[in-house]
Amino acid sequence: MSMMDDASFATLKNEVAAWVAGPGEEWSERIEQEGAVPEALVDELRERGYLSLAAPEELGGRGVGFPRFLQLMEHFSRLHASIRMLVHVNNGIWRAVERYATPEQLQEIVIPTIKGEKRIAFTLTEADAGTGADIRTTVRREGDTYVMNGEKHLITFGVSCDWWLLTARLEGTTGHEGTVALLVPNTDLPGAEVIDDSLTMGITGTDHAILHFHDTPVPVSALIGEEGQGLEVALGGFLLPSRISVAMSCVGLAERAQQLAVDFSKERVTFGKPLAKRQAIQFMLARNHAKILAARELVYAAARAFGEGRPDAGAMSSACKMVAVDMLAEVTDNALQVFGGRGYFKREPIERVYRDARAQRFEEGSNEIQSLIVARAVLDGTANYA
Ligand SMILES: Cc1cc2nc3c(=O)[nH]c(=O)nc-3n(C[C@H](O)[C@H](O)[C@H](O)COP(=O)(O)OP(=O)(O)OC[C@H]3O[C@@H](n4cnc5c(N)ncnc54)[C@H](O)[C@@H]3O)c2cc1C
C-alpha cells in the first residue's frame, strides 16, 4: 500500500490547520445559523481531498496512515460536529467493506465512497434490541433475493446516503450465528420506509433516519462477506479504529472548549480582576489541560496497538474511548462554567460545543458497552500493561 511521505504530510497538516482556523470556523457558524449542512461545504471537503484522507492511494484515497489521520482528526474535531462527522465517517466506513468487497462492489461502491462521491451509512442500531448480537432485523433467502423485515434507528446519514451498510440476521438464527452485512441501495425499494429523524440536541444539520422494512427485496449481490460474517464486518473492520477516531474527536473538541475558556477568562473582569487571575479558574483550566494530554496519549497508544495488530487492540480502543468521552464531558462542563451564565446562550460558541460533545458518549457504543469489552479483556488476561 503506498502511503503519503513525511514532507507531503507536513504540508497537508499545515493546510488543514489553516482551513480549520479560517474557512472551517465560518462554515461551522453558517451550519448552526441555517440548521443545515450546505452542499457547497460537502463539495469543498471533497475537492480538498478531506473525505479521502485515510484510504490507500490504490483505492483512490490519499494514503494518510492511521496515526497521522488522527492528527488531522484532532484539528477537524475543533469544528462543528457536522463537519467532524463527514470527515470521520467517510474516512472510516471503507475499512468495514474494503476487505470483503467483490471486484464489482469495489468499483461501484467502495471507490466512489472513498472519493467522497457517494455515501454509505453504518446501519446497526435497533429500537427493540441491544446493539450487536441481539439484532432482530431478518432476511429470508428466496432465489437471488433476500427478503428483509425489521427496523433500524438513529442512523447517521440514513436519509442522504446512497447505501446502508446494514446488519441483519438469517431468519431463525440467534447470537452471532447467521448474521449478514448487506450494502442495501437507498433507492425506493419496495416495502422500505425512510423516516427523517434529524432533530437532535447537537450535530445540527446532519441527517439521521429511522428505517422500516416490510418484505423488502434486496438482491443477494448486496451481501458483503459471507453469511455468518455480518457482525464481523460491522464490528471488526470498522468499529475498532472508529472508536479510536471518535476518541481523538473528543480530544480535538475538548481543545476547542479549552481554547474558548482560556480566551474568555482573560477578557472577563469581575471584582476588578480578569477571571484568569483567580485560582479557582486557573485550577479548572489546569485540570482540563492535564486531562486532554492524558487522553491524547492513550488515543495514540491505542492507535499503535491497532497498527501492530496486537490482541489487546480492541480493549485499548474501548479503553481510550471511555477515557476520552469522560474527559470531554468534564472539560466542556468546566469550560462552560468559566463562561458563567452567558455560556448557556446560543450566541456563545461554547454552547454548541457543549451540546455537540454529548453525542460522543453514544457514538460507536456507550461507555457501559466499552466497559463490558474492557472488563472481558481484563478478566481473560488479553488486556495487559506491556
Ligand atoms: C448522534 C448519534 C448518531 C448515531 N449514529 C448511528 C449510526 O450511524 N449507526 C448506528 O447503527 N447507530 C448510531 N447511533 C446509535 C448509537 O450507536 C447507540 O445510541 C449506542 O450504541 C447506544 O445504544 P442504544 O441507543 O440502543 O442504547 P440502549 O442499548 O437502549 O442502552 C440504554 C442505556 O443502557 C445502557 N446499556 C445497554 N445495554 C447494557 C448492558 N448490557 N449492560 C450495561 N448497560 C447497558 C447503555 O449504555 C445506555 O446507557 C447513533 C447515536 C447517536 C446519539
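## A tour of the ligand shell and the domains

Begin at the ligand of this predicted model. Select strand E1 (120–123), strand E3 (145–156) and helix H11 (367–380): each of these elements supplies at least two residues of the shell around the ligand.

Next, display the whole shell, in which 19 residues surround the ligand. The closest of them are Leu124, Thr125, Thr156, Ser366 and Glu368. Colour the shell by residue class, and nine nonpolar, eight polar and two charged residues will appear.

Now colour the protein chain by domain. The domain assignment gives domain 1 (6–100), domain 2 (120–228) and domain 3 (231–380). Where does the ligand lie with respect to domain 2 and domain 3? Because both domain 2 (120–228) and domain 3 (231–380) give residues to the shell, the ligand lies between them.

Turn then to domain 1 and domain 3. Their centres, taken over C-alpha atoms, are separated by 19 Å. The contact between these two domains takes 19 residues from domain 1 and 22 residues from domain 3.

Keep the side of domain 1 that touches domain 3 in view, and select helix H3 (66–76), helix H4 (81–90) and helix H5 (93–98). Each of these helices supplies at least two residues of that side. Which helix gives the largest share? Select H3, from which seven residues of that side come, the largest share.

Finally, colour the side of domain 1 that touches domain 3 by residue class. Its residues divide into nine nonpolar, four polar and six charged.

Note on methods
Residues numbered from 1 in each chain as written. Predicted model: local features only at pLDDT ≥ 70, side-chain atom pairs only at ≥ 80, totals over all residues. Domains from an automatic or database assignment. Contact = placed C-beta atoms within 7 Å. Helix = DSSP H or I, 4+ residues; strand = E, 2+ residues; numbered from the N terminus. Nonpolar A, V, L, I, M, F, W, Y, C, P; charged D, E, K, R; others polar. Near = placed C-beta within 6 Å.
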